[in-house]
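User: I have a two-chain model open and want to go through it with you. Can we start with the basics and then follow whatever comes up?

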Amino acid sequence: MFHIYCPHCAEYREEEEFHAAGQAHIARPLDPEACSDKEWGEYMFFRKNPRGIHHELWVHAAGCRKFFNMTRDTQSYEIKEVYKIGEKPSVVAE
Amino acid sequence: MQRYSGFGLLKHSLTHHENWQRTWRNPTPKKEYDVVIIGGGGHGLATAYYLAKEHGITNVAVIEKGYLGGGNTARNTTIVRSNYLWDESAHLYEHAMKLWEGLSQDLNYNVMFSQRGVLNLGHTLQDMRDIERRVNANRLNGIDGEVLDPQQIKEIVPHMDCSDNTRYPILGASWQPRGGVARHDAVAWGFARGADSFGVDLIQETEVTDLIIEDGTITGVKTNRYGDIKAGRVGCVVAGNSSVLAKMAGFELPLESHPLQALVSEPIKPILDTVVMSNHVHGYVSQSDKGDLVIGAGIDGYTGYGQRGSYPTIEHTVQAIVELFPIFSRVRMNRQWGGIVDTCPDACPIISKTPVKNLFFNCGWGTGGFKATPGAGNVFAASLATGEMHPLAEPFSMFRFHDGALIDEHGAAGVAH
C-alpha cells in the first residue's frame, strides 16, 4: 500500500485516492499524419515496462484530480520522488 | 518413464513406496540445443512437451530461474474456459480446451481437470446484450454456451443471492458447461514429466542474464550458472518478465506488467460446485477439491514486478464476493498472494516472431493464460519447430499493434483486465 505525496495538494494521502495512469513522458508525435504505421503503433501501444526505476503518470483521482509524475522502483515499489507535469525527474535509471 | 497406474500403486505399496522413480531428472545442460525455451512455467513446459512429442525435436532445454511452475502457474485461480468472442481467440482457446479434455490420459498424470461449468454473470442490460452476442458467437464457432436467466442460475448455484434486492441484481449469465478448473501445479508437473521422458533437459535455478544476438539472429543465451548455451531457436515464455527479456533483445513490447492478487479461504464443506465470475461486481470464485474458496479479481492499477499488490484491491475483491454470496461473509481467508501478469492493450496474447531472427515470444496472456496452457504450448511448439507461425497463432503477432489488426477481447477476457 502506497503513501503518496501529491505535489499539488502538498500532502501525503493514501493510495486509494490515486489512480495510476501508465508510463510518463510519452510525447505525442508532432505531426501524426506523417507517422508511419509503425511509429503510430509504437506511440499508441509500446511501453517501456522496466523492472526497476520507472517514470509514471498518476492522477489524484479522489482528491485534487490533477495529474503528476512519479519515479518509482517497480521491483521494490519504493517511491523515489514525485514531480509536477512539465518537470524533469531527478532520479533516473543508470 | 515409469507409467502411473492402479497396478503400479499396488506394486509400490509392497516396497512401502520407497522405489518411485524421480518425476524428472535434474541434468547439467549441454553446450548446444536445437531449441532453448526460457521460462519453465506451464506454457514453457507444454511447449517443450509438444516439441518433443509432436515434432520429434528432443534436443531441447527449458531454462527456469526459479523452480518449475513457481510463477503464475502456481498463482492463478485455475479457471479453464473457452468462451471468447472473436474467431481468432475462440479458436485458440477452444484448441486448448480440446487438449484439456484428454490431457490427463495424454500425460499419464492426473491434472484433475474438472468440467464443472463456468458462469459469467450479467448485472446490467448492456452486460446481457454482450453475453447474448458472445454466446451466439461461441455457438457459431462450435463452442458450448447458453444464456441463463436468474431462475436457472439459482438452480445451479442456490447459495448465490439472485434476488432483486441487491445493489447490482443478477439479470442473467452465460454458462459454459465444458469450462471448469484444473489442478494448476499438476499441469506444470505433468508437462515437465512428459517432456523429461522424451529427453528434454529441464534446467532449474538458472537465470538467463542475456541473449546472444549476432547480425540480428539469436544464437544462444547467457546464463548465470552454466555460461553460454547455444541454441538454434529460442522461445521466450516468461510472462511478467517478457518486457525485461525483450529489452535484452533490443526491442519493446506493447505490454505492461501488473500485480494480480488472489486469495483462498480456510477449507469448508462443499458448497460451490461450479465457477462463478462477474465482470460487473468484479470478482470470481470457485471451490477447490480441498474445500477452500479460491477467489480473485482485478489487477493492481500500477505496474510492478514485486509479486505483491495493495490491500485496497483485495478489499474490493472480497466485497464483490460477499455481494454475490452473503453466506461467505464470515468465512476466514487463509492466504493471499500476487503474481506478475503481462497485460496487452487488446487483452489478447502475443505468440509471435520478433524483430530478432529465430527468437520467438509467447507472452501477453495477462490475467488469463492458465486456461490456454496446453493450446498455447501446442501452437508455440509448432511455430518453434517449423520457424513459421502455426495458423492459430498467426493472428497474435506482436506486429498487429503496427498494422492495427487488434483482437479486442476486453469483454470476454473478463474480470481481471
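Analyst: Below we go through the interface, the sheet, the hairpins and the salt bridges.

Analyst: This is a predicted model, where local features need pLDDT of at least 70 and side-chain atom pairs count only at pLDDT 80 or more, while totals for chains, interfaces and linings use all residues. Residues are numbered from 1 along each chain as its sequence is written, chains are lettered from A and ligands numbered from 1 in the order in which they are written, and side-chain values use heavy atoms, with hydrogens and water left out.

User: How many residues of chain B are in contact with chain A?

Analyst: 29 residues of chain B touch 26 residues of chain A, contact meaning heavy atoms within 4.5 Å.

User: And how much do they bury?

Analyst: About 2300 Å² between them, 52% of it on carbon and sulfur atoms. Buried area here is the accessible area (1.4 Å probe) that two parts lose on being put together, summed over both. On the chain B side, Tyr302(B), Tyr305(B) and His402(B) lose the most area to chain A, together 29% of what that side buries.

User: Which residues form a salt bridge there?

Analyst: Glu252(B) pairs with Lys48(A), the closest N and O atoms being 3.3 Å apart. The rule finds 1 salt bridge across this interface; it asks for a side-chain nitrogen of Lys or Arg within 4 Å of a carboxyl oxygen of Asp or Glu.

User: Which elements of chain B give two or more residues to that side?

Analyst: Helix H8 (242-249), strand E12 (256-267), helix H9 (311-324) and helix H11 (400-403) of chain B. Helices (H or I, at least four residues) and strands (E, at least two) are DSSP runs, numbered from the N terminus.

User: Switching to the sheet in chain B. What is the strand order?

Analyst: The order is E5-E6-E4-E13-E14-E15-E12-E16 in chain B, an open sheet of 8 strands with mixed pairing. Two strands pair if DSSP finds at least two bridges between them. Strand E5 (146-148) and strand E16 (333-343) of chain B are the edges, each pairing on one side only. The twist averages 20 degrees from one strand to the next.

User: In what sense do E4 and E6 of chain B pair, parallel or antiparallel?

Analyst: Antiparallel, over 5 bridges, between residues 118-122 of E4(B) and residues 172-176 of E6(B). Asn120(B) has Ser174(B) as its bridge partner in E6(B). H9(B) packs on the sheet, and its direction makes about 125 degrees with that of E15(B). Such axes are lines fitted to C-alpha atoms, for helices over the stretch in contact, and angles run from 0 to 180 degrees between N-to-C directions.

User: What about the hairpin of E9 and E10 in chain B, how many residues are between the strands?

Analyst: 2 residues, and Asp215(B) in that hairpin takes a positive phi near 50 degrees. E9(B) (residues 208-214) and E10(B) (residues 217-223) are antiparallel over 6 bridges, with Val208(B) partnered by Thr223(B). E10(B) also forms a hairpin with E11(B), with 3 residues between them. There Val221(B) stands opposite Ile229(B).

User: Back to salt bridges. How many over all chains?

Analyst: The structure holds 20. One of them joins Asp196(B) and Arg25(B) at 3.1 Å, N to O. That pair links distant parts of the chain, 171 residues apart: Asp196(B) is in helix H7 (residues 184-197) of chain B, and Arg25(B) is in the loop between helix H1 (6-13) and strand E1 (32-38) of chain B.

User: Last one, what is in chain A?

Analyst: 1 helix and 6 strands, running β-β-β-α-β-β-β from the N terminus on.
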